[in-house]
Each structure stands twice: as structure tokens, then as C-alpha cells.
Amino acid sequence: MKNISATLAIVWRIAAPYFRSEDKWAGRGLLAAVVAMELALVAIDVLVNQWQNRFYSALQTSDWDSFVREIWIFIALAFTYIALAVYKLYLNQWLQIRWRQWLTRHYLGEWLGGATHYRMQLKGDAADNPDQRITEDVKNFVEQTLTIGLGLLSSIVTLFSFVIILWGLSNAAPLRLFGTDLMIPGYLCWGALIYAIFGTALTHWIGAPLVNLNFEQQRYEADFRFNLVRVRENSEQIALLRGEGAERARLLDRFGFVIANWYGIMSRTKRLTAFTASYQQAAVIFPYVLVAPAFFAKKIQLGDMMQTASAFSSVQGALSFFVTAYRSLAEWRSIVARLDGFEMSVESAANLPAREPAIALEVAGGRHIDLEQLCVNLPNGMPLVAAKAFTIQSPERVLVTGPSGSGKSTLFRAIAGIWPFGTGTVVIPAKAKLMMLPQRPYFPVGVLRDAVVYPAAPGAFSAAQVHDALIAVGLPDLAGRLDEDGHWNRMLSLGEQQRLGLARALLHAPDYLFLDEATASLDEPSEARLYRLLAEKLPQATIVSIGHRSTLDAFHTRKVALVKDGAIHVVGRGREPVEAEPTVAP
């Protein structure tokens with residue numbers, strides 16, 4: 001019971017915000033219409049149950065006029081039922097897509113807001129494969145929540161509607177054993193209740209492991225799919241290393257978990273299906289066994305017996321809702337658990353900067369970036385980079401050097417505000433535009449012009465501006481392909497990608513441009529031309545570079561050397577050397 005209440009609490013937390021959102025009136029209206037139609041269908045079932053009594057009684061008494069009248073009544077009920085069923089499905093699907101659209105936008109906003117997606121990876125949270133959570137799990141949650149919720153509502157209304165009919169029929173057709181009438185008030189209702197309790201208890205006992213099995217199946221499937229995507233994204237390196245055999249073995253190993261867990265689902269489902277199928281088949285004949293003695297004793301007519309069987313089936317079906325829907329409930333609970341885990345992971349990552357200790361990002365009215373008592377740590381708490389008081393002045397050119405692992409790129413992440421691990425403060429000038437260019441820039445799949453201007457909206461820069469920027473960075477061939485659609489991170493060499501990244505910087509004209517080995521794949525003459533281009537096109541921009549080539553010294557006014565076992569040495573032309581706190585690296 002505790003697990004059920006916890007699951008329902010999670011469902012309410014996930015579902016309720018939509019019905020309080022800006023789309024609440026449409027959502028509430030559609031839900032109300034679907035519920036009303038569900039109730040109307042139950043009402044028609046009640047009318048059909050009463051019709052059965054009259055119809056079969058007319059057959060038994062050979063009453064032609066009554067027979068014809070009941071045929072027309074059935075046609076009217078059937079057409080009404082069909083119309084309601086069709087529009088209930090239509091409005092249900094309309095509600096599903098609106099609800100799913102809102103949930104998807106909500107989760108995308110939470111996941112992509114404030115670099116939360118990046119921090120989730122840093123923390124190594126258990127919410128694996130966010131793509132699956134936002135696509136497949138959201139879709140299934142909306143669909144199954146409505147299906148199960150409406151099914152439960154229908155079962156409750158059906159139970160209360162038919163139990164009254166069945167109670168009355170119990171008095172009209174008393175239980176007859178060995179030629180003796182036993183007057184047990186509502187015995188058919190009690191029979192249906194006992195039958196349903198027995199079936200529900202056994203179903204839960206047999207099928208309970210399916211909840212965890214379905215949860216694990218989705219995780220294994222998503223993990224296998226993710227690793228297939230990784231192979232596709234890194235196909236060049238795999239081919240160069242002749243790693244196809246290793247990848248095949250690794251993928252088959254992960255697929256083995258899918259297969260093993262699926263066998264577990266098969267075994268458990270076989271047992272559950274064997275019981276539920278037997279249970280449902282027995283339910284067909286059970287009411288006839290109960291009322292047949294009264295029928296053969298001439299206590300009731302054929303119509304009464306058929307109505308009794310139909311009413312018993314409706315009551316027993318309503319009481320056995322959890323038996324018939326158990327597999328769906330097991331899958332639904334696993335979906336709810338995955339979405340709950342995803343929400344908790346997003347919330348934890350989003351709140352990470354607010355926890356103590358954490359690196360604070362402040363906006364001030366000055367013109368410089370100040371690092372105050374900054375200590376950048378690894379996620380495990382180990383110190384990486386420390387600086388008591390360090391200023392990046394505007395405009396100037398700063399070159400950051402140091403061995404691998406000394407924390408250069410991580411320092412950039414801390415300045416950008418996406419690395420929360422550590423203490424101290426990073427002070428950014430108000431309204432300052434910062435741009436970070438990594439060694440391997442990111443370009444979204446799509447039209448080249450839109451990929452270059454990212455993260456600006458498509459059309460933020462004219463075709464002429466993008467064309468001129470590509471010419472300036474030495475990509476005249478690409479300048480004529482602005483409207484071509486493609487996967488540019490795959491189609492272009494790393495050197496071409498780095499040139500495109502610099503073209504992006506020219507277009508956006510940031511106040512502070514951080515280059516994390518953003519020209520490392522270019523030859524030295526090309527790198528020198530591009531640095532001179534940046535100085536010409538962005539004269540007021542502050543440029544901070546990470547690089548290892550000695551030729552970069554000529555394009556920077558200060559040099560910062562990060563060392564593993566010493567201090568951060570800040571050397572400037574025309575300025576006194578500045579000492580900062582020691583850097584600690586693993």
C-alpha cells in the first residue's frame with residue numbers, strides 16, 4: 001500500500017502542473033469531455049444489460065413484436081456507443097498530444113536551462129539517457145496515465161452501476177443447492193467480490209517482479225541504443241584503429257543484458273498470462289453455474305439468466321481491473337519511476353551551484369573579469385586550480401599555458417559559470433558578452449548558415465555577413481554552400497571546424513573571447529593569420545587563449561603558466577609579475 005501511495009504521489013507531482021499551466025483550460029476541457037464520454041459509455045452498458053433481459057425473454061416467449069422493437073432499440077444504442085467511442089478516442093489523443101507537448105517543453109527547459117544537462121554528466125547521476133526520458137517515457141506516461149486512469153474510473157462507475165442490478169437479480173434468482181433455495185442477500189455480488197479478490201491477490205503475487213524487470217529492460221535498451229549512436233559518431237576513429245571487432249564484442253555484451261532481462265520478462269509474463277487467461281475464461285462460465293439451477297427450476301426466465309450473466313461479468317470485470325491491467329500497471333510504474341529519477345536528477349544538478357561550497361558567479365559594473373579567492377575543484381572535491389586575486393583586464397590578450405591536467409579548460413568552465421565545484425567568486429562585467437570556443441566546436445545538424453550563427457536564431461545574421469565571415473577565415477568553398485543541409489561536425493575536418501568556430505566569433509563579436517586550443521589543428525602560418533584577423537576585426541575584445549605553441553606568445557600581452565607542483569605564474573609585458581595561489585592537480 002505504501003508503494004502505491006508513493007507512486008500516486010509521484011504521478012500527481014508530474015501530471016498536475018500541466019492542468020495548472022497556460023494550457024490548463026484546453027487540458028481540463030478535453031479531460032472533462034473524455035470523462036463524460038466514458039461515463040456515457042458505462043450508461044449505455046447498463047441499458048444494454050437491461051435490453052438483454054427483454055430481448056432474450058422475447059425469444060423465449062416467441063414475441064415477434066417485442067423482438068422487432070428490441071432490434072431497433074439495439075441499433076440506436078449501438079450507433080450511440082460507436083459515436084461516443086470514436087470521439088472519446090479522438091479527444092483522448094488530442095489531450096495526449098497537448099499534454100505531451102507541454103511536458104516535453106517543460107522537461108527540455110529544465111534539462112537545458114543553466115547548463116543543467118552538463119552538470120548532470122559531471123555528477124554521474126543515475127538518470128541515464130535523458131533523450132529516452134524526454135521522448136519515449138513522456139509519451140508512454142501520458143498515454144498510459146490516461147488509459148489506466150480512465151479504465152479505473154470506468155471500473156468504479158461500472159461496479160456501482162451493476163452491483164445494484166446484480167443485487168436485485170440475486171433476490172430474484174436465489175442460490176439453489178441440492179434442490180434447496182438458500183436465501184443469501186446479494187450472493188452474486190459476494191461471489192464476484194470473492195472471485196476478484198482471489199484473482200487480484202494471485203496476479204500480484206505472480207506479476208510483482210515485472211515492475212523491476214520492465215524498468216531494467218528500458219534501461220538496457222536505452223544503453224544499447226546509446227552505444228550504437230556512439231559508434232556511429234566515432235566511426236572514423238574506430239575504422240582507423242581497426243576497432244570493429246572490439247566494438248562488436250562490446251555492443252554484443254551490452255545487448256546480452258537486453259536478452260537476459262527479456263528472458264526474465266518472458267518467463268514471468270508466461271506465468272502471469274497463464275493465470276489471467278484461466279481466470280478470464282472461468283469468469284465466462286462462473287455466473288451461469290451460479291444461476292443455472294434457478295433457471296432449470298423455472299424460478300427465472302432466459303432473459304433473467306442472460307442479464308444476470310452480463311451483470312455478473314461487468315461487476316467481476318470491474319473488481320478485477322488490477323488483474324486484467326496488471327502488465328500495463330507494471331510498465332506504467334516503471335515509467336513513473338524513470339521520470340521521477342529524471343526529475344530528481346535535474347533538480348539536483350540545477351541546485352548544485354546553490355549548495356555550499358560552490359563557485360559564485362556575480363555581475364558587477366566594472367570592465368574586467370575578477371577571480372576572487374577562487375579555488376576550482378574536481379567533482380570529488382580534490383583541488384585543481386587556485387587564485388587569490390586575478391584579473392583579466394579589458395581589452396588585453398592573455399595566453400594560458402601548462403601541462404595536461406593542470407586545469408586550464410576547467411578554469412575556463414568556471415569562468416563561464418558551468419563548473420560549480422569549488423569556492424570563491426567569478427565577477428563578470430554587466431552586459432558583457434562571453435564566448436567560449438573549444439578545440440572541437442559544436443555545429444547543429446542543419447543548414448550551414450544556421451550552424452555558423454549558432455546559438456543565435458536562424459536569420460539573426462544576413463547571408464552576406466555569414467559569407468564574408470567564411471571568406472575572412474579562409475573557407476571560400478563553404479561560402480557558396482550556405483543553404484546546404486548537413487551534419488557539419490562529420491563532413492568537415494577538425495581544422496575546417498575550427499575556422500568555422502572563429503567565423504562564428506567574428507559574427508557574434510563577443511567582449512570576451514576564450515579560445516581553448518581553438519586553433520590547435522591549424523598550421524602555424526594559418527593560426528597566425530587568424531589571430532591577426534581577430535585583432536583586426538575585434539580590436540576591443542579581450543582574448544584569452546589556451547595553447548602550447550611558442551608562436552602564440554607574439555599575439556598575447558600576458559602569459560599565465562599553470563603548473564602541477566608550483567604556482568600560477570602571471571607574466572606581463574610592462575607589468576610586474578603577479579603571484580597567485582598554488583595550483584593543485586591530480
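Begin by selecting Gly474, which in this predicted model comes just after helix α15 and takes a positive phi of about 90 degrees. Then step back into α15 itself, residues 463-472, and colour Val466, Ala469 and Leu470, the buried residues of this helix. Because they cover an arc of only 100 degrees around the axis, they sit on the same side of α15. To see what covers them, show the neighbouring elements, which include α14 (448-453), α16 (476-479) and α18.

Move next to α18, residues 494-508, where the end C-alpha atoms are 21 Å apart, in agreement with the 21 Å that its 15 residues should span at 1.5 Å a residue. Of these 15 residues, 13 are buried, so α18 is largely enclosed by the rest of the structure. The helix is followed by Ala509, whose phi is also positive, near 50 degrees.

Now turn to the salt bridges, of which the structure holds 15. Select Arg250 and Glu247, whose side chains meet at 2.3 Å, N to O; both lie in helix α9 (residues 244-296), three residues apart, or about one turn of the helix. Arg250 is partly exposed at 29% relative accessible area, whereas Glu247, at 18%, counts as buried.

Continue to Glu527 and Arg549, which form a salt bridge at 3.1 Å, N to O. This pair links distant parts of the chain, with Glu527 in helix α19 (residues 524-537) and Arg549 in the loop between β12 (542-546) and β13 (558-561), 22 residues apart. Glu527 is buried, with a relative accessible area of 3%, while Arg549 is partly exposed at 25%.

Note on methods
Residues are numbered from 1 along each chain as its sequence is written. This is a predicted model: local features need pLDDT of at least 70, side-chain atom pairs count only at pLDDT 80 or more; totals for chains, interfaces and linings use all residues. Side-chain values use heavy atoms; hydrogens and water are left out. Helices (H or I, at least four residues) and strands (E, at least two) are DSSP runs, numbered from the N terminus. The expected span of a helix is 1.5 Å times one less than its number of residues. Buried means under 20% relative accessible area, exposed over 50%, partly exposed in between (1.4 Å probe, protein chains only). The arc is that of the directions from the helix axis to the C-beta atoms. Contact means heavy atoms within 4.5 Å. A salt bridge is a side-chain nitrogen of Lys or Arg within 4 Å of a carboxyl oxygen of Asp or Glu.
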